[in-house]
Amino acid sequence: MIRSMTGYGAADRETAAGRLQVELKTVNHRYFSANLRLPAPLERSEPEIRERLRASLPRGHVSCSLRLTTPDSAGESAPPLRLDEARARQYLQVLRALKERLALPGEIDLTLLARFGDLILPAGEEEAPQIAQEELHQALDAALHQVLAMRVEEGRRLHQDLEQRLQAVERALDRIGECAPARLLAERDRLRRALTELAGDPAVDEDRLAREVALLAERWDISEEVVRLRSHIALFRELLEADGAEPVGKRLGFLSQEMHRETNTIGSKANDAAIEHQVVAIKNEIERLREQVENVE
């Protein structure tokens, strides 16, 4: 069963570092693409998180937001701050040496030093509790489970719509098959009338007429295109019914392009209003197929 690339999932878990909240949103994309927003304690885990998402969501754009709510951020007393005095003295020495060597104007004061963000830090930052890898995985997997469930359900609806489009194309092909032989008979009769009027003689060279009709039959023959189009439809259905172990969206997109190409060829050979009407109907259905396939994983 195919899966959509549209999905949403959210989960939260209490950890030693605070409450971890995960939110995932996925939309269609030709390849895997991820935009991650992580709290500072999890920035080092970005490659691991990205690969875990890729393993479950091989196609689509993923927006992944992780938030960590600690007792301090929830409104309780903020942690004390500390000054890295040794680093501040180093900055001061370097700046003074730079000023003397280059004969620069201005004063080196508190305003200048305050621009260096690594001088004032939360006290005891290095002892802050960390989020265990297992806790991170559990929260991610819970959100992923919701995303996948939504993508499966959306894929089921896409499957139904795509099947209806395929059936509409097949019905139009059936009607084309009914119309195709009649156009040759009509053209044969038209040629007979034209020859009679031009020659002024009711007797027509039937052999010559048969040769002309045979040439037209070869020029207007659409049997190969119809066979290929039906073959594309059969393969399209096989991919729709696949077990979903691998993404099939790209292959479905390629097949829809080939279906459109065969339909164009049928239209160019039609030379019949009824067939041309069916070709227009098929093109409309294939265009809708192509739009829907854009969201298939």
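User: How is an aromatic pair recognised, and how many does the structure hold?

Analyst: Rings of Phe, Tyr and Trp pair if their centres lie within 6.5 Å, and planes under 30 degrees apart count as stacked. This predicted model holds one aromatic pair. Tyr91 and Phe116 are stacked, at 4.2 Å centre to centre with 20° between the planes.

User: Which parts does the pair tie together?

Analyst: Tyr91 belongs to helix α2 (residues 85–102), whereas Phe116 lies in the loop between α3 (110–113) and β6 (120–122), so the pair ties together parts that are 25 residues apart in sequence. Tyr91 counts as partly exposed at 22% relative accessibility, and Phe116 counts as partly exposed at 28%.

User: What span should helix α7 have at 1.5 Å a residue?

Analyst: The expected span of a helix is 1.5 Å times one less than its number of residues. For the 22 residues of α7 (residues 249–270) this gives 32 Å, and the end C-alpha atoms are 31 Å apart, which agrees. The buried residues of α7 include Leu252, Leu255, Met259 and Ile266. Asn271, which follows α7, has a positive phi near 55°.

User: In what order do the four strands of the open sheet stand?

Analyst: The order is β1-β2-β4-β3, with mixed pairing. Strands β1 (7–15) and β3 (32–37) stand at the edges with a single partner strand each, so one side of each has no neighbour in the sheet. From one strand to the next, the twist averages 15°.

User: How many bridges join β1 and β2, and in which sense do they pair?

Analyst: Strands β1 and β2 (residues 18–27) pair in the antiparallel sense over nine bridges. Arg13 stands opposite Leu20 in β2.

Notes
Residues are numbered from 1 along each chain as its sequence is written. This is a predicted model: local features need pLDDT of at least 70, side-chain atom pairs count only at pLDDT 80 or more; totals for chains, interfaces and linings use all residues. Side-chain values use heavy atoms; hydrogens and water are left out. Rings of Phe, Tyr and Trp (its six-membered ring) pair if their centres lie within 6.5 Å; planes under 30 degrees apart count as stacked, over 60 as edge-to-face and the rest as tilted. Helices (H or I, at least four residues) and strands (E, at least two) are DSSP runs, numbered from the N terminus. Buried means under 20% relative accessible area, exposed over 50%, partly exposed in between (1.4 Å probe, protein chains only). Two strands pair if DSSP finds at least two bridges between them. Axes are lines fitted to C-alpha atoms, for helices over the stretch in contact, and angles run from 0 to 180 degrees between N-to-C directions.
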